[in-house]
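User: I am new to reading protein models. Can you walk me through one?

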Amino acid sequence: MSKITFDATFKNLDEIREFVGEAARQVGFSDKEIYSIQLAADEASSNIIEHAYAGMTGGKLEIELSVSAHELKIMMRDRGKSFDPSSVPEPNVKADLSERKIGGLGMYLMRKLMDEVTYESSPETGNILTMVKRLGDGG
Amino acid sequence: MEVTTKRFKNCDMVVLNGRVDSSTAPQLAEALEGVTGSGRYKIVMDMSGLEYMSSAGFRALLASQRLCKRYNRGEIVLASVPERIQEALELAGFTELFKTYADPVDAVGSF
């Protein structure tokens, strides 16, 4: 298990992807899967920085990685605004150019790229987003 | 990320290198606005040197594609899209919105 607390700024996305990518390599994921995991972690972090900490400065993003023989678990904690993931409409990825909306695409990609995405929030714990990717599920 | 633009007779080429994420996507948007702002709407994105693109990059491409396709005055086409990025674009349903060419030269020739 390893844990890093990042300043919640877009400039740290490179470092966040490296941190997550290194753990994914340890589990033994393929390059394609590592890319997917890094993309999911980036989308999750970007959402936290952009939405949870909207209008705030000095926010922190704590990322805890648990590596096992079969899976990688990523937990992201923030103390920004909480949100209800079920309120994020799934984007229509078949819509025409004029109808296409970009909102919700990050969450959509996270759900497609990872095996599990869960979210919980309480005043004590803050917001916790957990994503799991298992070995051997393909993709 | 590095972004450079080249002007051809019938189109402009935007060459992307490195990684596009929420931190660097504004540079991509700015480069595209530089081209469209000069009244040119036929754009080839040379993505051969691109290592990574998140939905922040997709968002920049989508906004410019809308602008370029308005009044049928042009469009953005993609060239030499690396496999990983192609897969992410497919997942997001973006491959329906952009013509894709294996070679930037063919993409330029399409205009």
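Analyst: We will go through chain B, then the contact between the chains, then one residue. Keep in mind that this is a predicted model.

User: What does the secondary structure of chain B come to?

Analyst: Start by counting elements. Chain B has 4 helices and 5 strands. Then read their order. From the N terminus, the elements run β-β-α-β-α-β-α-β-α.

User: How compact is chain B?

Analyst: Compare its radius of gyration with the globule rule. The radius is 12 Å, and the rule gives 13 Å for 111 residues, so chain B is as compact as a globular protein of that length. The C-alpha trace spans about 30 × 25 × 25 Å along its principal axes. Of the 111 residues, 45% count as buried.

User: How many residues does each chain bring to the contact?

Analyst: Interface size has a common measure. It is often given as the accessible area lost when the parts come together. Here we count residues. Chain B brings 19 and chain A brings 20. On the chain B side, α2(B) gives the most, with 8 residues. That side divides into 7 nonpolar, 6 polar and 6 charged residues.

User: Why does A:Glu90 count as exposed?

Analyst: Count its neighbours. A residue with 12 or fewer C-beta atoms within 10 Å is exposed. A:Glu90 has 10 C-beta neighbours inside 10 Å, so it counts as exposed.

User: Where is A:Glu90, and which residues does A:Glu90 touch?

Analyst: A:Glu90 sits in the loop between β3 (71–78) and α3 (105–113) of chain A. Leaving out residues up to four places away in sequence, A:Glu90 touches A:Gly104 and A:Tyr108.

Methods:
Residues numbered from 1 in each chain as written. Chains lettered and ligands numbered in written order. Predicted model: local features only at pLDDT ≥ 70, side-chain atom pairs only at ≥ 80, totals over all residues. Helix = DSSP H or I, 4+ residues; strand = E, 2+ residues; numbered from the N terminus. Buried ≥ 20, exposed ≤ 12 C-beta atoms within 10 Å, placed from the backbone. Contact = placed C-beta atoms within 7 Å. Nonpolar A, V, L, I, M, F, W, Y, C, P; charged D, E, K, R; others polar. Rg over C-alpha atoms; globule rule 2.2 N^0.38 Å.
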